[in-house]
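Student: I would like to learn how to read a ligand site and a nonpolar core in a model of this kind. Could we begin with the ligand?

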Amino acid sequence: MMDDMMRQMGAPPRKELYPSLMEVEAFTPDKRQQFERLARERMKSGTALMSSGLEKLSAPSSEQDLPAMREATALMRQGVVQFDTGISSLQAISEGKPPRAVALDWFKQNMSLLPSADMQRPHGIFGLSGFHYFTMFLLLAFAATMIWINLKKMQRAQALAARLTPQPGAVLPERTLTPAAQSIPPSLLPEDAPSKSNAWTGLLRVVQIFEESPNVVTLRLTDPSGGSLPFRHLPGQFVTFTVKPNDQMVKRSYTIASSPTRRDYVEVTVKREEHGTVSGFLHSVRVGDTLQTTGPSGNFTFVGDGANSIVLISGGVGITPMMSVVRYLTDRSWPSDIFFIFGCRGEKDVIYREELEYLQRRHPNLHLAITAIDVASADWPYARGNITKELLSQAVPHIEIRRVHLCGPKPMMDALKPVLIELGVPLEQIKTEIFIGKERPATPPTLAEGVTGSEQSQPTTTPVEGAETAGVAVATFARSKRTALFPPSKTLLEVSEDVGVNIDYSCRVGTCGVCKVKLLSGSVTMEVQDSLDAADKENNIILACQAKTRGDVSVDA
Ligand SMILES: Cc1cc2nc3c(=O)[nH]c(=O)nc-3n(C[C@H](O)[C@H](O)[C@H](O)COP(=O)(O)OP(=O)(O)OC[C@H]3O[C@@H](n4cnc5c(N)ncnc54)[C@H](O)[C@@H]3O)c2cc1C
Ligand code: FES
């Protein structure tokens, strides 16, 4: 196309420098002259193209004609290139370069691969030009920036992976209701570490009694010598009272419903159980009475760490650990969502109702959902019936990505666990506490059939001979000097009750640690060991309510 233009302009057809140069081995004087001429012709045709382009560009008609202007600048550009390659070829020939090197220079210049003569001239340290240094600096800066960006990306990816890795109690990122809850909030552990499990035993005085509902009271207890409590606890932990309601000492555990932020007192909320030994006794205490207390203990705690929201589901008196948690979190202004779901029998059984409604008004991140089965009043503002799958779905958006704490009557817990799993909550995100595992023995302990009761002064370790007992292990209660058959179907606690050996208990599900006994010989299996710490295990302490036979055993009871 450019050649056509040249022809139209009356210029001779362009002889190609490059192919001709490539064919020449060496410059003879004739050849040198020939190529110098070709180079000059090239410069001439370049000049012609440049002036033609300039002419077209300066024509008044082209001012509004953009394609014509573009064509003119293309002509000028082509002219410059031709002129420049002509000069370069002349210069290379005059420097005595071989024809192929001249051809190569020409080619590179045509392809814009060759730096200008000025740039080629080496100067500066190591013969490098300022341009080289500048380019190297830019490249190094670029490389350093890329490395820094990638390092940052890796750090962020690691942090995200750590956050998504299921840790005890940890949850996945989620859509929350409260903006502050978009990231995992900082832990709100009390400043001082909690006391070691059951590290303190002593007397606490009843200073106030609050009637929560017809059969529930709250006892406020303080240190009789005044001042702060003699132990520190976590929200959700419990204390164990040793009382003597009749002739016998008995122990029962009660959750501390107050917040650990209240350093001068603990409150326990006690439901009077029908025929309940200790709950009945605690309903009869008066202000000024003292209670032998051991504590604190328990792992059913939540201080706000490792989760970006919490769902607290409770029924009946199972509300007590949830109350401690919600009081603590609101006291410490925990910023994330707290879903408080409570179910009970009747309207009057909603203990702490006023306080919960007050807290909800003051803390927009607290979401309250209450339901009661027997509701008479027309202005009942909450749901009716049991806690159901529908109620949970409505009250807790995306429950499947949240940590759930569950505590209440055993039938309620048995019903709700599968519901939570159906709603997609991973099992490891569901934390539970059972207050009473099994019904207490309804009748005073007697010797059961097939059991050997011994009043001998030395412990008996020989089981009754016979078909029924052959192969059945024997439990020896060394201090009581009694032995009993220890069949696989029974726990050590049940066997002890069979032969009238007194081992204290409270929960019967391995939570409270009240039934701890020392294993003197033999070994047992235990399904739950929540209340045993490392020191207990080292000292061969076992939970009688969990211990199942693996052969003959002897215990210190
Ligand atoms: C970790 C933990 C925390 C707890 N927190 C709380 C709490 O905050 N608030 C609370 O109220 N409770 C709590 N409990 C439960 C508490 O420890 C007691 O188990 C509860 O108060 C009942 O004890 P009791 O001595 O009154 O009843 P028990 O005398 O032990 O009787 C228990 C049940 O057996 C029945 N029973 C007993 N004897 C007979 C009989 N002869 N015939 C028929 N039935 C009989 C009773 O009716 C009752 O339902 C908690 C338990 C644990 C393990
Ligand atoms: S009775 Fe509570 S752990 Fe055994």
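Tutor: A residue is counted around a molecule if one of its heavy atoms lies within 4 Å of it; here 25 residues surround ligand 1, and S253, Y254, E274, T277 and S279 come nearest. This is a predicted model, in which local features need pLDDT of at least 70 and side-chain atom pairs count only at pLDDT 80 or more, while totals for chains, interfaces and linings use all residues. Residues are numbered from 1 along each chain as its sequence is written, ligands are numbered from 1 and chains lettered from A in the order in which they are written, and side-chain values use heavy atoms, without hydrogens and water.

Student: Which side chains place a polar atom 2.8 Å or 2.7 Å from an oxygen atom of ligand 1?

Tutor: A polar contact is a pair of N or O atoms within 3.5 Å; R252 has a polar side-chain atom 2.8 Å from a ligand 1 oxygen, and for Y254 the distance is 2.7 Å.

Student: Which element gives the most residues to the shell around ligand 1?

Tutor: Helices (H or I, at least four residues) and strands (E, at least two) are DSSP runs numbered from the N terminus; β4 gives the most, with 4 residues.

Student: How many residues has the largest nonpolar core?

Tutor: Such a core joins buried (under 20% relative accessible area, 1.4 Å probe, protein chains only) Ala, Val, Leu, Ile, Met, Phe, Trp, Tyr and Cys residues through side-chain atoms within 4.5 Å; the largest has 34 residues, with L312 and L356 among those with the most contacts inside it. Its largest share, 7 residues, comes from α9.

Methods
Buried means under 20% relative accessible area, exposed over 50%, partly exposed in between (1.4 Å probe, protein chains only). A polar contact is a pair of N or O atoms within 3.5 Å; within protein, one must be able to donate a hydrogen and the other to accept it, and residues adjacent in sequence count only if both atoms are side-chain atoms.
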